[in-house]
Every structure is written in structure tokens, then in C-alpha cells.
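Me: Please take a close look at the salt bridges, and at what lies around them. I would like to know where the partners sit and how open they are to solvent.

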Amino acid sequence: NKLQGNIPESIFSLLNLTYLGLSSNNLSGSVKFHRFSKLKNLGRLHLSQNDQLSLNFKSNVNYSFSHLLSLDLSSTGLTEFPKLLGKVPSLESLFLSNNKLKGRVPNWLHEISLSELDLSHNRLNQSLDQFSWNKQLGYLDLSFNSITDGFSSSICNASAIQILNLSHNKLTGTIPQCLANSSSLQVLDLQLNKLHGTLPSIFSKDCGLRTLDLNGNQLLEGFLPESLSNCFDLEVLDLGNNQIKDVFPHWLQTLADLKVLVLRANKLYGPIAGSKTKHGTKHGFPSLVIFDVSSNNF
């Protein structure tokens, strides 16, 4: 809406409130964050898209949000992480995107088992080692930061991850094989980093990928793994702007849901074959909408 001014005092008297959503307004003024803890039953607190609102986390009051499951402070002009050590023991979803957060993530983030974490569009740097990869984590978006270095083996601990977006960073090194082994992963977006080496050689038989985007890493090379055809649900495959050297992957035409195939600006060569598929379908690529194989050697 277009609600303006301070958050009204009367809000803090609604003691039975379980969900407070004030996102996408024009709220302003300064509010002491600990005051929301008066709402003892609060499970979801969403204040995002209020860039004139000033949240004050300094407090000499002992408080906690014992029932809080979801906290959304995206686009609220935060310049540092909120001080929530020991204050959100039940938190499952934390959204802090589009702020001005820099440096490393705070230690309290490692002490809670989040299932969703969005820190995209900030100024985070240093390596992925600063994040804890737990078995509950299902959604992680760290895109549009300045995170450096390669993947550590601890990423393989995130065995339930469904959406992993690390695009638009400064990641180096190779793509871990365990990401291709995952049966839960649906979206893997690593575009516009500085990854090198080959693609993972084996994608599992119960691959659940819907989107695989590795565009613009410049240095990815080698062959296209034929086991990608195990990813029956694949809708978007973008491998553009790399150094992949192989023949046209005709085996992808069996993927019934593939809508976007981008192979542009690689070192692919040979004929673009319209060969019959092993399943005997007349026409391959039944759902294809975007087909970009420009700037190769076909």
C-alpha cells in the first residue's frame, strides 16, 4: 500500500498477533526492534520494502522471539547485520536481500538451522566458508555479492537444498560433483562467476534439476556430460559464454520439458544433427522456445 509515517503504537498492543506484514509501504521513523518481541505469539514478521524505516537493534533489554519462524527485512536499508544472537531460536526463514550488508556473516547465523536464507544484492565478500551448510537448508540465494574463492566440501552437507543461487559473484575453482549427485536440487544458478574446469561428469539417475545456468564463467571447458539427459524435468539449460568443446548434444532432444537451450559462444563443432531419438519420437525438443547456438564452430 502507500502507508506513511511511523508504525503506530497500537500495533504493539496486539498481543495475540501471529503474523505482522507491513511490507511494501512508505513507512518511516525509527523503531526499536525489541519492541516487536512484546508480541509473544509472533511467527512471521515481514517489514521489507520500507527503505525509509530505521530499525534500531541496540538494546539493553533482555528479549527474545521464541516463536518467530520467518523474518523479512529485505530492502530496509540495513548497513550491518541485525544483532540477534540467542534471540531467534526457532527461526527457519531469513530474508535480508537488497541491503548494504558487507563483510562476513555473523556467528549467530551458524547457531540456527535455517531452511531459507536470502542475502542477495548486498556487499558480502570473502569465501563461502563463512556459511554453515546444514541438512535443513532448502533455499539459498547469495547472488549479486562479491563472494570469492571456491567451493568447500562442506557444501555437500546441504543434502536437502532445492534452490542454490550463487550467480554474479567472484567464485573460482570447480563445480563440486556432489551438486550433480543431488536428487533434491532443482535450481543451480552459477552464472557470471570465474569457475573453471569441466562440468560434473555424472548427473544422478534421480536428477531433479529444472534450471542449470552456468553462463558467463568464461573458463568452463571439456565435454557435455551425456548424463544430463537423466534430468528429465530440465526446463532451462544455459551454458553460454564458456570454453566447452564437443559436438552438438542431440541426446538432449528427449527432454520433454526443455524450453531454453543456450550454448552460444563456446567451442562446439560439427553438424547440428536432427537424428532420431532412442525413444523413437518423431520430433525432438517438443517444448523448446529459445534455441541459441550462435558463435560456435557448427
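Reply: The account below starts with the whole chain, goes through the salt bridges, and ends with the surroundings and the empty spaces.

The model is predicted, so local features need pLDDT of at least 70 and side-chain atom pairs pLDDT 80 or more, while totals for chains, interfaces and linings use all residues. Residues are numbered from 1 along each chain as its sequence is written, and side-chain values use heavy atoms, with hydrogens and water left out.

The protein chain has one helix and 22 strands, where helices (H or I, at least four residues) and strands (E, at least two) are DSSP runs numbered from the N terminus. Of its 298 residues, 49% are buried. Buried means under 20% relative accessible area, exposed over 50%, and partly exposed in between, with a 1.4 Å probe and protein chains only.

The structure holds four salt bridges, each a side-chain nitrogen of Lys or Arg within 4 Å of a carboxyl oxygen of Asp or Glu. One of them joins Arg35 to Glu9, with 2.8 Å between the closest N and O atoms. Arg35 is in the loop between strands E3 (26-32) and E4, and Glu9 in the loop between strands E1 (4-5) and E2 (19-21), so this pair ties together parts 26 residues apart in sequence.

Another salt bridge is made by the side chains of Arg210 and Glu235, at 3.3 Å from N to O. Here too both partners are in loops: Arg210 between strands E16 (196-198) and E17 (211-213), Glu235 between strands E18 (219-222) and E19 (236-238), so parts 25 residues apart in sequence are tied together. Both residues are partly exposed, Arg210 at 34% relative accessibility and Glu235 at 25%.

Asp292 pairs with Arg264, and their closest N and O atoms are 3.2 Å apart. This pair links distant parts of the chain, with Asp292 in strand E22 and Arg264 in the loop between strand E21 (260-262) and E22, 28 residues apart. Arg264 is partly exposed, with a relative accessible area of 31%.

Strand E22 (residues 290-292) also holds Phe291. Phe291 is partly exposed at 40% relative accessibility. Together with Ile272 and Phe298, Phe291 makes a nonpolar surface patch of about 250 Å². Patches are made of residues with over 30% relative accessible area and no salt bridge, like charges being joined within 9 Å and nonpolar side chains (Val, Leu, Ile, Met, Phe, Trp, Tyr) within 5 Å; accessible areas come from the Shrake-Rupley method with a 1.4 Å probe, and for residues only the protein chains shown count as cover. Ser295 is in the segment after E22, and its phi is near 55 degrees, a positive value in a residue other than glycine.

A positive phi is also found at Gln49, near 60 degrees. Gln49 is in the loop between strands E4 (44-46) and E5 (52-56) and is partly exposed, at 43% relative accessible area.

That leaves the empty spaces. On a 1 Å grid over the protein atoms alone, a cavity is a set of points where a 1.4 Å probe fits but cannot get out, a pocket is an open set with protein on both sides within 12 Å along at least five of seven lines, and lining residues have an atom within 4 Å of a point. The largest pocket is lined by 14 residues, and Leu55, Phe57, Leu78, Thr79 and Glu80 lie nearest its centre.
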